[in-house]
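Subject: A structure for you to explore

Hi there,

Here is the structure I promised to pass on. Have a look at it first, and then read my notes below.

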Amino acid sequence: MKRVKIIEEFPIPWSEATIQAFRETLLAWYDQEKRDLPWRQTKDPYKIWVSEIMLQQTQVNTVIPYYERFIEALPNIQALAEAEEETLLNLWQGLGYYSRVRNMQTAAQQVMGEYGGQLPKTAEALRTLKGIGPYTAGAIASIAFGEPEPAVDGNLMRIVTRLFEIGEDIGKASTKRQITAYLYQMIDPKRPGDFNQALMDLGATIMTPANLTPELSPLKAFDQSYQHGTAELYPVKKSKVTVTEHSFLAYILMNPNGEVLFRKHGEGELLTGLWHFPLIEQTLVMDEATEQEMLEPLTDWLTGTDLAFSKEQFHLSLPQAYRYDREQLLRHLPLVKHQFSHRLWYVQLVPVQVNQSSNSLSGQLEWLTLEELKTYPMSTLQTKLLQRWLPDLGV
DNA sequence: AAGCCGGGGAG
DNA sequence: CTCCCAGGCTT
């Protein structure tokens with residue numbers, strides 16, 4: 001079975017004595033402090049099932065009146081299986097996630113047809129029912145049937161990662177396996193349902209996401225993050241960084257000596273110290289763009305550099321082959337996509353001829369031959385641009 | 001693995 | 001106001 005396998009994969013770093021002490025401490029706290037909730041007055045698996053489905057999506061105080069009303073209207077699995085859809089939706093109205101009550105009815109019909117009207121007792125069998133995943137299966141199996149199954153929800157993940165200072169992303173399947181494996185080894189086989197509910201209560205009231213110094217926690221002695229003051233580091237959730245999109249023109253400025261203008265990115269700039277074609281943030285060149293419009297961002301930028309640029313002195317143009325053939329030009333302006341951790345760049349390459357070179361260059365700008373250019377420190381982005389422009393250069 | 005589902009609460 | 005939350009299903 002899965003249990004044995006994942007325990008072998010992730011043995012808990014606690015002695016038997018520590019595990020025993022942990023169970024006793026946690027359950028003593030629960031016996032003292034447990035919340036008095038309607039679904040804790042019953043051992044009816046159906047009622048526990050209903051409460052768990054509702055609690056997946058909504059907080060306890062909101063759930064209570066819905067739970068009471070639902071149980072009164074549909075007091076058993078058969079009633080749920082036979083209910084009109086309209087009845088279901090009325091009972092669920094305001095809770096959201098209406099597919100869940102539909103799934104629950106499908107599962108009730110499964111139970112009537114395949115399990116003789118009785119919920120199966122093992123987590124594995126419960127999982128075959130529509131809408132019952134690992135968490136809900138563990139909750140029903142432990143609370144209603146006394147099976148030693150953990151019910152791993154967000155509360156338990158937070159608590160376990162803090163207790164053991166587990167710094168892996170809890171979104172990863174392997175981290176969930178580790179947390180589940182530890183809980184299999186921690187769970188009290190004599191009171192598995194209370195063990196799970198104790199951790200849920202603790203997570204909801206004391207070891208909350210925001211409470212980083214849970215002075216009232218009964219688990220302080222077992223809690224590495226509390227001992228080390230590192231609670232804020234757990235759990236690790238891979239943040240969905242908002243990726244902002246930017247578009248640039250990368251000008252390949254070629255002088256009569258066969259050299260290309262290269263610029264070193266300065267302090268405070270992305271990719272500091274690395275050499276790139278001049279990159280100018282600009283909407284991408286469209287089909288209707290004229291040569292003038294394509295070159296304007298470049299002339300504007302050059303005016304502000306130390307190239308002693310003036311429109312009178314320098315003449316910029318697109319390569320001859322492109323000047324009068326718009327279709328060919330646009331086909332040959334390659335677009336390079338580059339993903340940073342926090343932004344997505346679209347960079348369009350624009351080759352440009354300049355009729356004369358300039359001598360007055362600072363250290364930030366250099367005219368380089370293709371061979372010299374290859375020896376300068378470049379970013380992956382610049383390597384990509386170069387590769388796209390001249391695939392045969394061998395960078 | 002990632003998007004979707006839909007409310008409520010926190011900031 | 002926006003952001004975040006918690007599970008399970010679907011692709």
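A residue is called buried when its relative accessible area is under 20%, exposed when it is over 50%, and partly exposed in between, using a 1.4 Å probe and protein chains only. T175 has a relative accessible area of 1%, so T175 is buried.

Before going on, please note that this is a predicted model, where local features need pLDDT of at least 70, side-chain atom pairs count only at pLDDT 80 or more, and totals for chains, interfaces and linings use all residues. Residues are numbered from 1 along each chain as its sequence is written, chains are lettered from A and ligands numbered from 1 in the order in which they are written, and side-chain values use heavy atoms, without hydrogens and water.

What touches T175? Beyond its neighbours within four places in sequence, T175 is in contact (heavy atoms within 4.5 Å) with I166, E168, D169 and I170. A polar atom of the T175 side chain lies 2.8 Å from the backbone oxygen of D169.

Now for the DNA. Strand B is surrounded by Q57, Q59, G94, Y97, Y98 and K238, where near means that a heavy atom of the residue lies within 4 Å of the strand. Among these, the side chain of Y97 has an N or O atom 2.8 Å from a base nitrogen of strand B. Y98 instead places a backbone N or O atom 3.3 Å from a phosphate oxygen of the strand. Of the strand B atoms within 4 Å of the protein, 43% belong to sugar or phosphate and the rest to bases.

Enjoy exploring!

Technical notes: A polar contact is a pair of N or O atoms within 3.5 Å; within protein, one must be able to donate a hydrogen and the other to accept it, and residues adjacent in sequence count only if both atoms are side-chain atoms.
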